[in-house]
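Colleague: Could you take a close look at one part of this model for me, the surroundings of a single buried tyrosine, and then work outward from there? I would enjoy a connected walk through that region.

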Amino acid sequence: MKEKNPNGLGSLTYRMVNGKKYWTGRVTLGQDLEGKLVRKSFSSYKKYEVIEKMQKALGQTNIAGFTTSGDKSLSEFISYWLYNIKVKEIKSTTIARYQSLLNLHIAPYPFSRTKVGDITILNLQNFINLLADDEKTSINTVKDTLALIKNFLDYAIILGVFPTNPAEYVKVPKKNKTENSGKYRIFTADEQKLLINNLDLDDPVEQSLYIDFLTGLRRNELRGLRWKNYSDGILTIEQQLRRSYTFEKDGTRKLNKNTTQDLKTENSYRTVALPKMADNLLQKLKIKSYEKHLRLGQPFKDDAFIFSDDFLQPIEEKRCNRRLQAICRKIGIEPRPLHSIRHSYATRLFEAGVDIKTVQKLMGHSDYKTTLNIYVHVMDDEKEKAAAVLDKMYN
């Protein structure tokens with residue numbers, strides 16, 4: 001028999017058992033991560049005991065309505081969080097990066113099966129230590145993985161799983177630097193000259209490498225250059241091409257490799273004055289671009305890409321890096337990543353006596369410290385050269 005519950009706790013019923021009222025209370029606590037309602041029942045001959053249990057259960061329900069969040073495994077719950085919460089808040093490329101960290105650096109480890117509610121400072125620190133001990137995992141990847149977990153656990157706090165974030169107290173252990181692991185792996189002036197002299201300027205990939213050596217643009221800024229960005233020896237940097245993804249709730253994704261996006265920071269929007277040799281090349285390329293459009297029966301427009309393939313599509317994002325390293329191997333130079341061209345550009349400016357503030361603007365750095373770090377690296381090399389000069393004088 002059903003009795004009205006004056007406290008609004010849920011349903012309260014009783015049935016006669018051995019001539020006594022046997023009470024049953026049922027409450028809806030919220031939803032689980034699949035959206036299913038979570039209900040719980042309590043029974044006793046004593047009505048007040050049932051009501052007390054119902055009140056206690058409802059008081060433990062978190063503000064988001066999830067009642068089993070702490071019982072989900074870390075890997076499972078992060079996946080839910082990514083594709084149901086974060087996907088609406090951040091860039092698709094960031095979701096893809098988080099997905100990669102989850103799949104490669106969390107899911108393969110036993111810690112990923114830990115229930116979220118059982119995560120502690122100690123077991124999380126042990127996991128981060130284990131990750132850092134893997135020689136194949138860079139220290140930056142370890143830091144990014146911890147940052148992802150910390151970001152997720154902030155959400156778990158909102159759900160009422162934790163009062164404070166355990167990740168706040170976890171430290172990433174230091175790794176010994178290996179040879180050639182320095183952040184600023186630049187080309188020397190002689191290496192740079194040799195590379196430039198070996199570029200095929202009839203090839204759009206190598207054309208872009210040539211311009212990169214003379215402008216220091218980021219990869220996706222370079223790929224995103226259109227003819228409207230070039231005028232009278234000046235490049236205006238105002239957009240970039242990046243990967244973007246669309247996601248389904250199950251985590252499946254569709255890739256678009258060439259999405260035009262805003263630049264990294266406000267300081268990334270800038271103009272770069274071109275050296276004469278770069279300006280001369282772009283003048284020739286504009287004529288060739290017009291001829292290519294004519295040959296393909298396409299009208300030439302100012303929003304056409306400066307560096308494009310045979311079908312007027314932008315250069316695929318990994319081709320420049322692969323080509324640079326192939327050329328390095330061919331001419332006997334230690335292969336370096338594409339970003340080394342950008343640091344080499346800054347280094348050449350410092351070597352020529354250009355002040356830090358100007359270099360910062362040309363590089364599009366939002367923080368002068370980034371520029372200063374390159375400068376300090378260059379000056380360390382200069383100090384070694386000075387010592388070598390003295391050695392020659394007195395030996």
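Modeller: Happy to! Setting aside residues up to four places away in sequence, Y345 touches F213, L214, T215, G216, V272, L362 and M363. Please keep in mind that this is a predicted model. Y345 itself sits in helix α11, which spans residues 339-351. Its relative accessibility is 8%, and because the cut-off for buried is under 20%, Y345 counts as buried. Y345 and D212 also make a nice long-range pair: 133 residues separate them in sequence, yet their C-alpha atoms are 8.2 Å apart in space.

From here, let us follow helix α7, made up of residues 204-215. The axis of α7 comes within 10 Å of the axis of α10 (residues 319-331), and the two cross at roughly 85 degrees. Angles of 65 to 115 degrees count as roughly perpendicular, so that is how α7 and α10 are arranged relative to each other. On the α7 side, the contact is made by V205, E206, S208 and L209, while α10 brings R319, C320, R323, L324 and I327. Sorted by character, the residues of this contact are 5 nonpolar, 1 polar and 3 charged.

Next comes the core. The largest nonpolar core has 44 residues, and those touching the most other members are L195, L235, L282 and F307. Two or more residues are given to this core by each of α6 (189-197), α7, β6 (234-237), α9, α10, α11 and α12 (356-363). Helix α7 provides the largest share, with 6 residues.

F307 deserves a look of its own. Leaving out residues up to four places away in sequence, its contacts are P204, Q207, S208, I211, L222, L225, L282, L285, Q313, P314 and I315. A second core, separate from this one, has 37 residues, among them F77, Y80, L146 and Y245.

One last stop is E317, found in the loop between α9 (276-295) and α10. E317 has a relative accessible area of 6% and is therefore buried. Beyond residues up to four places away in sequence, E317 touches R219, N220, R223 and R243.

To bring this back to your tyrosine: Y345 is in α11, and α11 is among the elements giving two or more residues to the largest core, as are α7 and α10, the pair of helices that cross at roughly 85 degrees.

Definitions and conventions
Residues numbered from 1 in each chain as written. Predicted model: local features only at pLDDT ≥ 70, side-chain atom pairs only at ≥ 80, totals over all residues. Heavy atoms only, no water. Axes fitted to C-alpha atoms, helices over the stretch in contact; angles between N-to-C directions. Helix = DSSP H or I, 4+ residues; strand = E, 2+ residues; numbered from the N terminus. Parallel < 35°, antiparallel > 145°, perpendicular 65-115°, else oblique. Contact = heavy atoms within 4.5 Å. Nonpolar A, V, L, I, M, F, W, Y, C, P; charged D, E, K, R; others polar. Buried < 20%, exposed > 50% of the residue type's maximum accessible area, 1.4 Å probe, protein only. Core = buried A, V, L, I, M, F, W, Y, C linked by side-chain atoms within 4.5 Å.
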